[in-house]
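Colleague: I have a new model open and would like to practise reading it with you. Could we go through it feature by feature?

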Amino acid sequence: MWLFCGFRYVGVGNEPYLKAYNDTYSASTFLALRNIQRALMNANMEEQVKVTVPLNADALSASGTPSDSVFREDITHDMLEIVGFLAENHCPFTLNIYPFLALGDNKSLSLDYAFFDSHASPITDGQYTYFNMFDATYDALVVALTKVGYSNISIIVGGI
């Protein structure tokens with residue numbers, strides 16, 4: 001008999017597609033995801049515990065605005081495979097969002113924008129106005145997921 005300990009999610013890896021890892025985990029991430037899901041199913045726990053892959057925001061590629069966001073070209077195939085699997089198994093997509101890390105990549109962003117300060121200069125993207133990096137990054141993910149056909153998948157935010 002299984003004693004349920006209150007776990008809701010199992011994260012497979014931690015940001016396995018991070019650019020700094022140079023594809024070290026690319027070949028094994030989906031296989032591990034599928035194996036963990038199979039183990040949960042064998043234990044009849046797939047409804048209580050969901051599997052996910054915590055990804056870094058660098059899995060996204062955008063030319064400056066959330067509405068331009070897509071998954072990075074070098075991992076698009078893997079993302080389609082993973083997102084499809086997550087959706088099929090009613091599991092959430094997890095994105096770690098670190099607003100302060102964006103400051104290193106984009107010198108035009110202010111500390112106020114990264115740290116939710118109400119004095120930040122907003123960024124406008126069509127009909128949307130962003131007052132902080134968190135909201136812009138979250139919407140960039142929603143756009144990328146929508147572009148690959150998964151606008152209804154649940155999203156978990158990790159990191160921060």
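Colleague: Let me begin with charge. How far apart are the mean positions of the positive and negative charges of the chain?

Modeller: Take the mean position of each sign and look at the distance between the two. This is a predicted model, by the way. Here the chain has 8 positive and 17 negative charges, and their mean positions lie 6 Å apart.

Colleague: And the surface: how much area does the chain expose, and what share of it do carbon and sulfur atoms supply?

Modeller: About 9200 Å² is exposed, with 54% of that coming from carbon and sulfur atoms. As for the interior, 41% of the 160 residues in the chain are buried.

Colleague: Now the fold. Which elements does the chain contain, and in what order do they run from the N terminus?

Modeller: Start with the count, then read the order. There are five helices and nine strands. Starting at the N terminus, the order is β-α-β-β-β-β-α-β-α-α-β-β-α-β. The chain is as compact as a globular protein of its length, because its radius of gyration of 17 Å is close to the 15 Å that the globule rule gives for 160 residues. Along the principal axes, the C-alpha trace spans about 55 × 30 × 30 Å.

Colleague: What share of the contacts between residues at least 6 apart in sequence join residues at least 24 apart?

Modeller: That share is 66% in this chain.

Colleague: Let's zoom in on a single residue. Is Leu86 buried or exposed?

Modeller: Compare its relative accessibility with the cut-off for burial, which is under 20%. Leu86 has 1%, so it counts as buried. Leu86 sits in helix α2, which covers residues 76-88. Beyond residues up to four places away in sequence, Leu86 touches Leu33, Val51, Thr52, Cys91, Pro92, Phe93 and Ile153. Glu46 is 40 residues from Leu86 in sequence, and their C-alpha atoms are 12 Å apart.

Colleague: Thr52 is in that list of contacts of Leu86. Which side chain does the side chain of Thr52 join in a polar contact of 2.7 Å?

Modeller: The partner is the side chain of Thr94. Thr94 belongs to strand β6, residues 93-97.

Colleague: Is Thr94 buried or exposed?

Modeller: The reasoning is the one we used for Leu86. Thr94 has a relative accessibility of 6%, so it counts as buried. Leaving out neighbours within four places in sequence, Thr94 is in contact with Thr52, Val53, Pro54, Leu55, Ile156 and Gly158.

Technical notes
Residues are numbered from 1 along each chain as its sequence is written. This is a predicted model: local features need pLDDT of at least 70, side-chain atom pairs count only at pLDDT 80 or more; totals for chains, interfaces and linings use all residues. Side-chain values use heavy atoms; hydrogens and water are left out. Helices (H or I, at least four residues) and strands (E, at least two) are DSSP runs, numbered from the N terminus. Buried means under 20% relative accessible area, exposed over 50%, partly exposed in between (1.4 Å probe, protein chains only). A polar contact is a pair of N or O atoms within 3.5 Å; within protein, one must be able to donate a hydrogen and the other to accept it, and residues adjacent in sequence count only if both atoms are side-chain atoms. Contact means heavy atoms within 4.5 Å. The radius of gyration is taken over C-alpha atoms; the globule rule is 2.2 Å times the number of residues to the power 0.38. Accessible areas come from the Shrake-Rupley method with a 1.4 Å probe; for residues, only the protein chains shown count as cover. Lys and Arg count as positive and Asp and Glu as negative; His and the chain ends are not counted. The place of a charge is taken as NZ of Lys, CZ of Arg, CG of Asp or CD of Glu.
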